[in-house]
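Subject: Structure for your review

Dear colleague,

Please find below the structure that I am handing over to you, together with its sequence. My account of what was found in it follows directly after.

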Amino acid sequence: MTHFTRLIVAVAIAAMAASAQARKAGDWVLGGGVLHYAPQDKSQPLRMTSPVQQELAGSGASVRSATTLGLTAHYFVDDNWAVEGVIGVPPRINLDGSGTFAPLGRMGSARLWAPSILGKYFAGRPNDRFRVSLGAGLSYNRFRSVHLTSALQDTMSDEMGLPPGGSSTSASIGSKWAPVFNLGANYDLGNNWGISASVSWIPLKVRANLTTSADGQTIAASTTKIRLNPVVPFAYLTYRF
């Protein structure tokens, strides 16, 4: 056997040994990497609901993209089906003005908690190095630490006929369940390690409620709906147990 032939045989044996580490029934696979939240957003004009019903024509908001650390865990129910949980370290989502609100620039921000659980199907056989996956599930979207900038605060004061700083406005964004759809590609590196990349789409619409107060009394309430529909790419390193 020539040196070249021995090298080919050694590589083949190593490849077979590595493929034996592939994901199969009963395995846990943990991962961590870069998760990007990219809203495909559109908002309705802000509408005052008290003391009068009035729409602020042309007003709007735009939600910026954010990047954070994502963590994932798979449990393989059998050789092809797995249950996955995903969570990102809550990113701060920034809200900019659009339309007649565009001159305001940054209007506010909020922390987003959006854990997801999915059922996923992995095509191919357990010993395949490369496998494509399809998944679907639910995402729970919760916005906390909502902050409004002074630019928006002053705009709401002006709408009430008050000078800048004459009122204060707070906001809340309702939590919501939404479906999530996922497409992924997964490659086993051997020795229990692997790399994965996926992209998810979450059809999501939320309502933001604003409350304006002056001298300790509520003087106005307003609301708007924002369609987020984020696309969420996720690239991560995995380890199989």
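Lys120 counts as buried, at 1% relative accessibility. Please bear in mind throughout that this is a predicted model. The side chain of Lys120 meets that of Glu84 in a salt bridge, with 3.2 Å from N to O. This pair links distant parts of the chain, since Lys120 belongs to strand β10 (residues 116-122) and Glu84 to strand β7 (residues 81-88), 36 residues apart. Glu84 is likewise buried, with a relative accessible area of 2%. Both charged partners therefore fall under the 20% limit below which a residue counts as buried.

Further salt bridges

A search of the whole structure finds six salt bridges. Which residues are joined into one network by salt bridges that share partners? They are Lys24, Asp27 and Arg240. Asp27 meets Lys24 through their side chains, at 3.7 Å from N to O, and Asp27 also forms a salt bridge with Arg240, where the closest N and O atoms are 3.3 Å apart. The pair of Arg240 and Asp27 links distant parts of the chain: Arg240 is in strand β17 (residues 231-240), whereas Asp27 is in the loop between α1 (3-19) and β1 (28-37), 213 residues apart. As to exposure, Asp27 is buried with a relative accessible area of 5%, and Arg240 is buried with 11%. Lys24, by contrast, counts as partly exposed at 35% relative accessibility.

The chain as a whole

The secondary structure of the protein chain comes to two helices and 17 strands. Along its principal axes, the C-alpha trace spans about 90 × 35 × 25 Å. The radius of gyration is 24 Å, while a compact globule of 241 residues would have one near 18 Å. Buried residues account for 39% of the 241 residues. Of the contacts between residues at least 6 apart in sequence, 72% join residues at least 24 apart. The accessible surface comes to about 12,200 Å², and carbon and sulfur atoms hold 62% of that surface. The chain carries 21 positive and 13 negative side chains, and the centres of these two sets lie 6 Å apart.

Helix α2 and its surroundings

Which residues of helix α2 (residues 150-159) are buried? They are Leu152, Gln153, Thr155, Met156 and Ser157. The cover over these buried residues includes strands β9 (106-113), β11 (130-148), β12 (168-173), β15 (205-214) and β16 (217-227). Just after α2, Gly161 takes a positive phi of about 75°.

Backbone details

Two residues have a positive phi without being glycine: Ser145, at about 55°, and Asn192, at about 80°. Ser145 is placed in strand β11 and is partly exposed, with a relative accessible area of 48%. Asn192 lies in the loop between β13 (176-190) and β14 (193-201). Lastly, where does the chain have a cis peptide bond with omega near 5°? This bond runs from Ser50 to Pro51, and Pro51 is found in the loop between β3 (47-50) and β4 (54-55).

With kind regards

Conventions: Residues numbered from 1 in each chain as written. Predicted model: local features only at pLDDT ≥ 70, side-chain atom pairs only at ≥ 80, totals over all residues. Heavy atoms only, no water. Buried < 20%, exposed > 50% of the residue type's maximum accessible area, 1.4 Å probe, protein only. Helix = DSSP H or I, 4+ residues; strand = E, 2+ residues; numbered from the N terminus. Contact = heavy atoms within 4.5 Å. Rg over C-alpha atoms; globule rule 2.2 N^0.38 Å. Areas by Shrake-Rupley, 256 points an atom, 1.4 Å probe, with all protein chains shown as cover. Lys, Arg positive; Asp, Glu negative; His and termini not counted. Charge placed at Lys NZ, Arg CZ, Asp CG, Glu CD. Salt bridge = Lys/Arg side-chain N within 4 Å of Asp/Glu carboxyl O.
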